[in-house]
Amino acid sequence: MNTVLPINYELEFEPDFAKFKFRGKEKIRVKISKPTKQIVLHSAELEINSCTVIWNEKKLKAKVRLDEKNEELILSLPEKISGKAMLVIDFVGTLNDKLVGFYRSKYEYKGKEKHLATTQFEAADARRAFPCWDEPEAKATFDVSLVVDNNLTAISNMPVISKKRLGKKTVFRFDRTPIMSTYLLYLGVGEFEFLQGKLGKTLVRIVTTKGKKQQGKMALVFTKQFLSYFQKYFKIPYPLPKLDMIAIPDFASGAMENWGAITFRETVLLYDPKTSSTDTLQHIAEVVAHELAHQWFGNLVTMKWWNDLWLNESFATFMATKAVDKIYPNWDFWDQFLISEMTGGLSLDSLKSSHPIDVDVKSPADVRQIFDEISYNKGGSVLMMLEDFIGQETFRNGLHSYLKKHEYSNATTEDLWNSLGAASRKPVRKMMDTWVRQIGYPIIDATVVDSKIKLSQKRFLLEGDSKQQRGRWMIPISVRMEDKTITKMMDNSTAIPYDGRWFKVNDGQRGFYRVKYGEDSLEQLGRLIEEKKISNLDRWSIHHDLTALVMSNQYPLKHYLDFVRHYEEEDDYVVLSDIVGFLNFLYVAFSGEKFWDEIKEFNHYFMSMIFQRLGWDSVRGEKSTYALLRSTLINSLGKLDDKEIHNESQARFSHLLRTNSLNPDLRSPVYSTVAWNGNLKTYQQLVNMYRKAATQEEKVRFLGSLSNFKEKQLLAKTLAFTLSKDVRTQSLFVPIARMVANPYGKDLVWPWIRKNWKGLVKKFGVGNPLLNRIIGSVSVMSDMKKEKEIRRFFAKHHVPGTEMKLAQSLERIRIHAKFLENARKEFGQ
C-alpha cells in the first residue's frame, strides 16, 4: 500500500480551444503514514510548471522528475515529512484528439465547425488531465472548478454551486463529490443543450450539442425507468443529487459510467423516431441500463484492483438485461442475452489464448486488454448461472448486503462470494472459483449406457489439444426430460437414471457450458425441434453447440446441414439469428471454393423459406424482434443474389430518394443490397448521402453500405475513404467489420492494415480500444501463410496492449484454416 494517499483534490481547469491546451491547478490534501522525502504520483503528457508541498505551516519546494515510461511524477523534498500535508501543483496539458484523458471532440452546427472538451479516464487516463494517484483503491473527494469562455457551459459529476463572470471567462464551481476513484471523475465544456426531468429529488438531464436535445426524449424515459428500478432492486437510493446523460460526437467505446455524468456515443443515446431502428432503440435501452447499474456496481462499490474488473462489467451486463426485461418484457431480453452476451463469451473462451475472468493485471496496457467478452459476456453469463443456482431473491439479498458492507469503499471477488454464500448457505465460493479463476469452460459428453445417462466433462477448445483440455468445473447441471427436470451439482462426472425417452442437458441454457450428444439422442432432439416440443432457448442451445462441434471438426459439416432442416418451421428470433449467422459465416469462409455454390444454394433455400413467412413489412402485433430478423435476412439474401430482394430494395431506395420515406428497420439492409448490385454512380450517390445524413446512426448505415459492393476498385475506394476527414475515428472500424464479411472484400483488409498500420497507431494513439478491433478483423482469414505473415509483421510493429488480441486472432486463423481443409476433404475437393 502507498505510504502517501490522497484525501481530497481541489482542481481548477481552464481549456483553451484556440491552442487545444488546458491550464490546471491542484491542491491535494494527503495523508502520509510514515516519514518520507519522496512522493510518487501518476502523471502522463503533462508539463509541470511548479510544485510546492505545504506541511506543518512550512512551504517546501519540491524537485520534480517525470518518469515517462512508468507515467509517474516523482517529487523529492528537502526533508522527511509525515502526517497531513498539501501538494500544490500548476501544470499544462493538451486537449488531444485521441479520445482519452481530457480530449476535444469536433462537430458541425449550422455549417460551422465547433469543438467541445470532454474526458475519458477509465482505465488509467485521469493522469493525462492532472497528477493523481490513478488507481481504483486511492479513493478521495473532488472539488472541481472549470474556467471557460462566457459562451460555454461546464459540467462535472456534481451540481454547480457557484457561477462567476471574470471578464471574458466564467468560473463554474461544483459541489464536492462523494469519496470515489479517479477514473470516475468527469469534466465537460461546450455549447450544450439540456432536456431535463426529475425522479424524486434527483435532477435528470440529457445533454447534447445544439439542435439535438429533442432526440434525447427516449433516453430520458429510459433513464428515469431504470434508475427507479435499480433503487428498488438494490434497496439503496442513488446517492447523488443529479444525473447527466451526455451525448458526445467523438467517443472511443460505447459509454462511460462517470458518477453522475455518464458519457455516450451519440448513436447509443440519441433516438429519432423517423430514422432510428428497433435495434437502435433496444440498444440505447440496454446501454443506459448498463451504465446506470454501474452507479452502484463500480461507483458506490469499486473493485480494489483491475484484476476484478469483472465485478464492474459482468454485473452491469447482467443487471442491464434484468432491468430492460422487467420494464419491456415483450422485447424478450433474456432470450436476446444468448445472442448479445453468451455467444461472445463461449466463442472467446473456446480459445487457448483466452484468459480467466479474474486475471492478473500489472500495467494500464494489461487493463485495457481485458475490456472484452470474458469480463463482460462470460462474467454476465456465469452470474445468470449463479442466480439460477441460489435463487433470485437470495441473490438479491446477498447483493444488498455486499453493497451496504462496502459502500464508498473497495471490494474483491472474495467479498462478493462471502455475501452471496452467507445469504444462500450454499458453496458459492467453491463453485464459482472453478468458473472465475480458471480459463475456459466445459463441454459435457452425454452418452446413454444401459439404463443411465452418463455425463463427463472436459475443457472445450476449438483448436483441440488434449494437454490443454484439462480442467474441472463444479457445474450446476440440469437435465430436462419429458415429465421432469433433474438438477444436481457435478464436479467431475455423474450418471442419471434413463427411461429410454428424450432428454436435454442444460435446460433453458442457464449454464455456461456446451453439450455433445450421441447420434440417437441428437436425432430424438431433432424431432422435438420440428414439433417445437422444447423451448426456444433449448432449440437455440442444441444448434449453437452443434456449430461449435462443426468448427472444431468433431461433427461433419454435411451432417450439420442435414440437421438444420429440422429448423425449417422455426419462427423464433434467437434461434433463427443463430442459424442465419452461422450460414453467413460459411458463405464468407468458403467463398472461391469449388463447393461455394453448394453452400450458397443451401443458404438461399433456407433463408428464402423463412423470409417468405416474414415478408418485407411488419404486421400489426408482431414481436419487435421480427424487425431485427427481417433486416438480417434481407441483407443475407441480397448477398445471395436473390432477384426479388434486389428489385424490391431498389424500388424502396428509389422511393426514399423521391419522398425521403423508408422504414428505419429496412434502411441498413436496403442500402447494403443497393450497393451489392451498384456501380461507380451508386457509390458516389451513397457517399453524398453519407455526407448529408443528419444523424450519426444514418451516417453509420451509409458508411457500412460502402463496404458491400462487389467491385474491388470501389471497395479499395472505401478503405481509402475511411482514413479521410469525412470519417470519425470512432467510426473507422464500421467499414472494416463490414468488409471482412464481404467475400469480395475480405482479402483487401489485411494489405490495407499492413500498409496503414503506422498511420492508424498515430491516429488512434497507443491504448485506444479501436486498435484491437482493427487487429481482430484479420481473424476471418483461413490461410496459414497469412497467419505467419501477420505474426512476423506484428513482431516488428508491436504496440503495447495488443498482445492478447493478436494471439486470439492468430489462433482463429489457424482454426479457420483447419476447418477449411476438412471441409475440402468432405466435399471432395
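Which residue follows α14, and what is the sign of its phi? In this predicted model, α14 is followed by glycine 615, and the phi of glycine 615 is positive, near 75°.

From that glycine, let's step back into the helix itself. Helix α14 covers residues 596–614, which makes 19 residues. From its first C-alpha to its last, α14 reaches 27 Å, close to the 27 Å expected at 1.5 Å a residue. If you follow α14 along its length, you will meet a run of buried residues, among them Trp596, Ile599, Phe602, Phe606, Phe611 and Leu614. Lys600, Asn603 and Ser608 are also on the list of buried residues in this helix. What lies over them? The cover on the buried residues of α14 includes α12 (557–564), α13 (573–589), α15 (625–639) and α16 (643–659).

Now turn to a loop elsewhere in the chain. Asparagine 96 sits between β6 (72–94) and β7 (101–109). Asparagine 96 counts as buried because its relative accessibility is 11%, and the cut-off for buried is under 20%. Its side chain has polar partners in the backbone: a polar atom of the asparagine 96 side chain lies 2.6 Å from the backbone nitrogen of lysine 98, and the side chain also reaches the backbone oxygen of valine 100 at 2.8 Å. Setting aside neighbours within four places in sequence, asparagine 96 is in contact with Phe102, Tyr103 and Arg104.

Strand β7 leads us on to the open spaces of the model. The largest pocket has a volume of about 1,100 Å³ and is lined by 37 residues. Those nearest its centre are Lys106, Tyr107, Glu108, Lys725 and Arg728. The elements giving two or more residues to this lining are β7, β8 (112–120), α18 (680–692), α19 (696–705) and α22 (746–764). Of these, β7 gives the most, with six residues. Sorted by class, the lining of the largest pocket holds 18 charged, ten polar and nine nonpolar residues.

One more pocket is worth a visit. The second largest pocket has a volume of about 410 Å³, and 23 residues line it. Look for Asn70, Glu71, Arg127, Ser363 and Pro364 nearest its centre. Here helix α5 (residues 364–369) gives the most to the lining, with four residues. The lining of this second pocket divides into nine nonpolar, five polar and nine charged residues.

Terms used: Residues numbered from 1 in each chain as written. Predicted model: local features only at pLDDT ≥ 70, side-chain atom pairs only at ≥ 80, totals over all residues. Heavy atoms only, no water. Buried < 20%, exposed > 50% of the residue type's maximum accessible area, 1.4 Å probe, protein only. Polar contact = N/O pair within 3.5 Å; in protein donor to acceptor, adjacent residues only side chain to side chain. Contact = heavy atoms within 4.5 Å. 1 Å grid on protein atoms, 1.4 Å probe; cavity = no way out; pocket = protein on both sides within 12 Å on 5 of 7 lines; lining within 4 Å. Points joined across faces, edges and corners; volume = space filled by probe spheres on them. Nonpolar A, V, L, I, M, F, W, Y, C, P; charged D, E, K, R; others polar. Expected span 1.5 Å × (residues − 1).
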